[in-house]
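Colleague: I would like to learn how to read a protein model one feature at a time. Could you take me through the general idea each time, and then through the case at hand?

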Amino acid sequence: DVRTPGEYETGHLKNAVNININGDDFEQQLAKLDKTRPVMVYCRSGGRSSSAANKMEAMGFTEVYNMDGGIMQWRDAGKPVEKGGAGNK
C-alpha cells in the first residue's frame, strides 16, 4: 500500500505493508524488501502505485504487480478491507 498513513488507516488489504510513496524514506523502505519475492502494489485508484511499480522495477524487483483500479475498485467489487493498524515496516 503506497498511500499515506492516514489513507491506509481508513482501509487496506489484509497483511498490507504501508510504504508511503510521498514519504522522504520511500526508497529506503523499499530497499528493505526482498527483491526476489513477488510484490503487489496499490493506492487509491492506480496512479501512485503505477509510479511505485515502475520505481521498484528500476530498483531490481523481479516480480511487481500493480493492482489496477486501486483500493477504490477493490471496495466497489465488495471485497474486504481491514481498518486501522500501523502497517509500516
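Modeller: Let us begin with burial, where a residue is called buried when its relative accessible area is under 20%, exposed when that area is over 50%, and partly exposed in between. Please keep in mind throughout that this is a predicted model.

Colleague: With those limits in hand, is Asn-20 buried or exposed?

Modeller: Asn-20 has a relative accessibility of 18%, and therefore it counts as buried. This residue lies in the loop between α1 and α2, and its side chain reaches the backbone nitrogen of Asn-22 at 2.9 Å. If we leave aside the neighbours within four places in sequence, Asn-20 is in contact with Val-2, Arg-3, Thr-4, Pro-5 and Phe-26.

Colleague: Which residue has a positive phi although it is not a glycine?

Modeller: That residue is Asn-15, whose phi is about 70°. Asn-15 also lies in the loop between α1 and α2, but with a relative accessible area of 71% it is exposed.

Colleague: I should like to turn to charged side chains. How many salt bridges does the structure hold?

Modeller: The general idea is that side chains of opposite charge can pair when their charged atoms come close. In this structure there are three salt bridges. One of them joins Arg-3 to Asp-1, with the closest N and O atoms 2.6 Å apart, and both Arg-3 and Asp-1 are buried.

Colleague: What is the partner of Arg-48 in a salt bridge?

Modeller: Arg-48 pairs with Glu-7, and the closest N and O atoms of the two are 2.9 Å apart. Because Arg-48 belongs to helix α3 (residues 47–58) and Glu-7 to helix α1 (residues 5–10), the pair ties together parts that are 41 residues apart in sequence. As for accessibility, Arg-48 is partly exposed at 23%, and Glu-7 is partly exposed at 21%.

Colleague: Which side chain meets that of Lys-55 in a salt bridge?

Modeller: It is the side chain of Glu-27, with a distance of 3.4 Å from N to O. Since Glu-27 lies in helix α2 and Lys-55 in helix α3, this pair ties together parts that are 28 residues apart in sequence. Glu-27 is partly exposed at 42% relative accessibility, and Lys-55 is partly exposed as well, with a relative accessible area of 32%.

Colleague: Which residues are in contact with Lys-55, leaving aside its neighbours within four places in sequence?

Modeller: They are Phe-26 and Glu-27. For a further reading of distance, take Lys-55 and Gln-29, which are 26 residues apart in sequence and 13 Å apart in space, from C-alpha to C-alpha.

Colleague: Finally, how should I read a pocket, and which residues lie nearest the centre of the largest pocket?

Modeller: A useful habit is to ask about its space, then its lining, and then the classes of residue found there. About 480 Å³ of space lies in the largest pocket. The lining is made of 20 residues, and those nearest the centre are Val-17, Leu-33, Pro-38, Val-39 and Met-40.

Colleague: Which element supplies the largest share of that lining?

Modeller: That element is β1, with three residues of the lining. Both α2 (26–31) and β1 (39–41) supply at least two residues each. Sorted by class, the lining has 14 nonpolar residues, one polar residue and five charged residues.

Definitions and conventions
Residues are numbered from 1 along each chain as its sequence is written. This is a predicted model: local features need pLDDT of at least 70, side-chain atom pairs count only at pLDDT 80 or more; totals for chains, interfaces and linings use all residues. Side-chain values use heavy atoms; hydrogens and water are left out. On a 1 Å grid over the protein atoms alone, a cavity is a set of points where a 1.4 Å probe fits but cannot get out, and a pocket is an open set with protein on both sides within 12 Å along at least five of seven lines; lining residues have an atom within 4 Å of a point. Grid points are joined across faces, edges and corners, and a volume is the space filled by probe spheres set on the points. Helices (H or I, at least four residues) and strands (E, at least two) are DSSP runs, numbered from the N terminus. Ala, Val, Leu, Ile, Met, Phe, Trp, Tyr, Cys and Pro count as nonpolar, Asp, Glu, Lys and Arg as charged, and the others, Gly among them, as polar. A salt bridge is a side-chain nitrogen of Lys or Arg within 4 Å of a carboxyl oxygen of Asp or Glu. Buried means under 20% relative accessible area, exposed over 50%, partly exposed in between (1.4 Å probe, protein chains only). Contact means heavy atoms within 4.5 Å. A polar contact is a pair of N or O atoms within 3.5 Å; within protein, one must be able to donate a hydrogen and the other to accept it, and residues adjacent in sequence count only if both atoms are side-chain atoms.
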